[in-house]
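Here are a few short exercises to work through with the model open beside you. Try each task before reading its solution.

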Amino acid sequence: MIAIALILGLFFALTAEIIPCGPLYALLHPDFVALLLIYWAISSNSELSFTIVWLIGLFQDMVLGDMLGAQAIAGVIMIYLLYTSLGRVRRLPSWEQLFFIFLLLLTHRLLVWLWQAWAGFITWHFSLLLGPLIGALLWPLFTLVLDSLRHALRPRHT
């Protein structure tokens with residue numbers, strides 16, 4: 001059932017990534033797939049493998065039309081950084097956890113930007129920092145929705 005929740009979450013996260021809502025949304029929206037990966041890494045007790053993260057990143061690259069490998073590499077590095085301090089992150093107060101989520105999302109965004117800048121596809125703009133900030137601020141709502149979905153899909157023993 002957890003796999004179904006992950007697939008449903010991935011579907012909605014990718015849909016939120018590609019919704020054509022104009023240039024302001026493109027500048028301000030957080031990386032919902034990265035938020036989903038962080039959530040599952042924290043809530044699944046390190047069961048989210050780097051291979052799954054890599055494949056999700058490659059799929060996201062294909063869906064978004066990004067340079068192949070940008071989201072995959074950034075996702076694997078982001079989850080690795082999370083796994084190195086997973087025990088501490090779970091024990092953090094909520095405002096410190098928001099700051100940590102912001103740093104993870106910022107790392108992800110900067111790694112994707114570096115990958116694309118290296119290929120000559122993108123230039124720097126400070127609006128690149130707004131998506132991770134908005135993602136961190138949405139983290140409590142995001143976890144609430146995903147926790148509800150996960151508990152609704154949990155098998156009930158009778």
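**Exercise 1.** This is a predicted model. What span should the 12 residues of helix α3 (residues 32–43) have, and how far apart are its end C-alpha atoms?

*Solution.* Start with the rule that the expected span is 1.5 Å times one less than the number of residues. For the 12 residues of α3, this gives 16 Å. Next, look at the end C-alpha atoms of α3: they lie 16 Å apart, so the two values agree.

**Exercise 2.** Decide whether α3 is mostly covered or open, then inspect what flanks the helix.

*Solution.* Take buried to mean under 20% relative accessible area. By that cut-off, 12 of the 12 residues in α3 are buried, including F32, L36, W40 and S43. Now turn to the N-terminal end, where D31 acts as a cap: one of its side-chain oxygens is 3.2 Å from the backbone nitrogen of V33. Finally, step just past α3 to N45, which has a positive phi of about 55°.

**Exercise 3.** Find which residues make the nonpolar surface patch of about 480 Å², and classify F59.

*Solution.* The patch is built from I18, F59, M62, V63 and L68. Helix α4 (residues 50–64) supplies the largest share, three residues, and F59 is found in this helix. F59 has 41% relative accessibility, so it counts as partly exposed.

**Exercise 4.** Is L141 buried or exposed?

*Solution.* First locate L141 in helix α8 (residues 130–152). Exposed means over 50% relative accessible area; L141 reaches 53%, so it counts as exposed. For its placement, compare L141 with I19: they are 122 residues apart in sequence and 20 Å apart in space, C-alpha to C-alpha.

Terms used: Residues numbered from 1 in each chain as written. Predicted model: local features only at pLDDT ≥ 70, side-chain atom pairs only at ≥ 80, totals over all residues. Heavy atoms only, no water. Patch = residues over 30% accessible without salt bridge, like charges linked within 9 Å, V, L, I, M, F, W, Y side chains within 5 Å. Areas by Shrake-Rupley, 256 points an atom, 1.4 Å probe, with all protein chains shown as cover. Salt bridge = Lys/Arg side-chain N within 4 Å of Asp/Glu carboxyl O. Helix = DSSP H or I, 4+ residues; strand = E, 2+ residues; numbered from the N terminus. Buried < 20%, exposed > 50% of the residue type's maximum accessible area, 1.4 Å probe, protein only. Polar contact = N/O pair within 3.5 Å; in protein donor to acceptor, adjacent residues only side chain to side chain.
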